[in-house]
Amino acid sequence: SFSLTLIDALDTLLILGNVSEFQRVVNVLQEGVDFNIDVNASVFETNIRVVGGLLSAHLLSKKAGVEVEAGWPCSGPLLRMAEEAARKLLPAFQTPTGMPYGTVNLLHGVNPGETPVTCTAGIGTFIVEFATLSHLTGDPVFENVARKALKALWKNRSDIGLVGNHIDVVTAKWVAQDAGIGAGVDSYFEYLVKGAVLLHDEELMSMFLDYNKAISNYTKFEDWYLWVQMYKGTVSMPVFQSLEAYWPGLQSLIGDINNAMRTFLNYYTVWKQFGGLPEFYNIPQGYTVEKREGYPLRPELIESAMYLYRATRDPTLLELGRDAVESIEKTSKVDCGFATIKDLRDHRLDNRMESFFLAETVKYLYLLFDPDNFIHNNGSSFDVVPMPYGECILGAGGYVFNTEAHPIDPAALHCCRKQKEEQWEVQDLMREFHFLKRKRKSMFTRTAAHSRGGSQAGSADTTAESSGKGRNPEKITKRRVPLLSCPTQPFTSRLAVLGQVFLDNT
Ligand code: DMJ
């Protein structure tokens with residue numbers, strides 16, 4: 001009930017080059033979206049699709065020709081909407097462990113009687129959006145709750161280094177103890193890597209690398225990944241889930257191309273067998289799992305193909321892309337969109353289209369076949385955006401996709417962070433200035449009293465001002481406070497204090 005598909009699909013419009021439609025939708029959203037509604041929403045889905053979609057659209061809006069307000073990218077209507085949506089999610093994080101509930105009511109917060117059981121991905125998939133929000137808005141609360149949740153998962157991993165599928169966020173007891181890389185866990189691992197890349201955070205990367213070792217040791221068999229018991233490492237389900245197909249793409253992000261390609265090729269054989277990936281595939285039996293035969297046009301295998309193609313230019317990856325386009329066109333295209341395939345055994349259709357089809361599947365396919373897309377920028381072009389405190393270099397590439405394929409420009413985080421830091425430094429400086437002013441005033445009062453023969457100033461006064469004892473008090477009060485001589489001021493360009501502008505060459 002809050003324009004989920006429109007928000008989720010917005011940045012796809014720009015990546016496909018439809019600038020006018022992007023601009024129209026931005027206006028529609030500004031006029032029509034209201035998060036103050038009595039709706040129970042998934043904390044995870046609202047974050048990845050709505051907060052992520054709005055953040056990405058906000059950061060891309062200048063490129064799309066939208067007239068941005070002064071202060072962009074650190075302010076703007078879509079950013080304010082993203083912040084408003086994210087604030088609605090914050091009550092979910094108020095738990096004894098810091099791990100969030102899975103659902104909140106957008107109007108009333110966490111419902112009384114809400115289940116405390118949340119899946120691992122529902123706890124560990126916030127750092128990309130929430131750290132972006134914190135950097136852009138200057139409010140650390142979002143990044144803090146996301147980090148606390150990540151740390152809680154890390155603390156509760158098993159002795160053999162694995163995490164389970166569902167945990168009680170109040171007691172920190174694992175309720176589902178299957179460990180694997182797919183449904184319920186997937187984007188937790190993805191966000192350790194992407195959080196590390198976005199924030200240059202070695203701790204997040206080292207957590208991932210430890211998990212990666214445990215996952216290889218206990219779950220990997222002939223380049224397939226199985227489900228195992230998190231404490232013992234014994235196989236619990238020899239099943240491949242279509243959601244797991246993001247893993248080769250993630251491996252490519254850490255440079256593990258050979259392993260990534262081998263696993264990708266396993267998954268591609270399944271694709272060829274059915275003309276799509278069934279939700280569950282029993283590996284030893286080589287067939288779909290009962291009641292899991294559907295294919296909701298998920299993006300994961302195409303996402304991996306896109307990343308791996310950037311790294312290898314292997315034409316097999318384009319072949320998968322071609323197969324995907326042909327089978328989606330042939331089987332799923334209906335009058336009003338592209339329908340989920342209910343059963344891959346007979347290609348029956350469901351009356352449903354997931355928003356991730358537009359947000360992710362179409363986008364990754366397009367990017368696979370469009371080497372010149374601005375998203376693939378290698379830094380050879382960029383935009384210079386003048387800010388009150390200097391210039392920001394934006395749009396130079398290195399975009400980090402959230403798990404719903406919404407690209408975030410890491411340079412914007414740096415830009416706004418820098419601006420906020422400089423604002424804080426100015427505030428500190430002002431505070432120091434007023435403190436010194438007050439101090440000088442009281443010194444003047446005491447010195448004046450002393451020169452009139454009083455002794456209240458005290459003999460232990462050793463401050464610089466006290467050396468003016470006996471001098472003309474007028475002169476003392478006029479001595480300039482060395483505002484710009486503080487060695488802790490890293491100003492390189494310019495600084496405005498009380499309306500005066502100081503340039504570094506003046
Ligand atoms: C998307 O909503 C996200 O990628 C999420 O992390 C899990 N997968 C779906 C699409 O398959």
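Is Phe382 buried, exposed or partly exposed, and why? At 43% relative accessibility, Phe382 counts as partly exposed, because the in-between class runs from the 20% limit for buried to the 50% limit for exposed. Keep in mind for every panel that this is a predicted model.

**Close-up A. Phe382 and its neighbours in a nonpolar surface patch.** Here Phe382 teams up with Val384 and Ile393 on the surface. Together the three residues offer about 250 Å² of accessible area. As for where Phe382 sits in the chain, look to the loop that runs between helix 14 (355-369) and strand 18 (383-387).

**Close-up B. The hairpin made by strand 18 and strand 19.** Strand 18 and strand 19 (residues 390-394) are antiparallel partners, held in register by five bridges. Just two residues carry the chain across from strand 18 to strand 19. If you want to trace the pairing, try Met387, whose bridge partner in strand 19 is Gly390. Another pair to pick out is Asp383 with Leu394 of strand 19. As a reminder, strands of a sheet pair through backbone hydrogen bonds, either parallel or antiparallel.

**Close-up C. A three-stranded open sheet.** The strand order is 6-9-10, and the pairing is antiparallel. Strand 6 (178-179) and strand 10 (235-237) are the edges, each with pairing on one side only. Between strand 6 and strand 9 (residues 227-229) there are two bridges, again in the antiparallel sense. One residue to look for is Asp178, which has Gln229 of strand 9 as its bridge partner.

**Close-up D. The ligand and the residues around it.** Quite a mix of side chains surrounds the ligand: Phe44, Ile48, Leu243, Pro299 and Phe356 are among them, and so are Arg49, Arg298, Glu300, Glu360, Thr403 and Glu404. Which residues does this view pair with ligand oxygen atoms? For Glu360, an N or O atom of the side chain is 3.1 Å from an oxygen atom of the ligand. Thr403 uses its backbone instead: a polar backbone atom lies 2.6 Å from a ligand oxygen. With Glu404 we are back to a side chain, where an N or O atom is 2.6 Å from an oxygen atom of the ligand. How much of the ligand does the protein bury? Taken alone, the ligand exposes 290 Å², and the protein buries 93% of that.

Methods:
Residues are numbered from 1 along each chain as its sequence is written. This is a predicted model: local features need pLDDT of at least 70, side-chain atom pairs count only at pLDDT 80 or more; totals for chains, interfaces and linings use all residues. Side-chain values use heavy atoms; hydrogens and water are left out. Patches are made of residues with over 30% relative accessible area and no salt bridge: like charges are joined within 9 Å, nonpolar side chains (Val, Leu, Ile, Met, Phe, Trp, Tyr) within 5 Å. Accessible areas come from the Shrake-Rupley method with a 1.4 Å probe; for residues, only the protein chains shown count as cover. A salt bridge is a side-chain nitrogen of Lys or Arg within 4 Å of a carboxyl oxygen of Asp or Glu. Helices (H or I, at least four residues) and strands (E, at least two) are DSSP runs, numbered from the N terminus. Buried means under 20% relative accessible area, exposed over 50%, partly exposed in between (1.4 Å probe, protein chains only). Two strands pair if DSSP finds at least two bridges between them. A residue is near a molecule or strand if one of its heavy atoms lies within 4 Å of it. A polar contact is a pair of N or O atoms within 3.5 Å; within protein, one must be able to donate a hydrogen and the other to accept it, and residues adjacent in sequence count only if both atoms are side-chain atoms.
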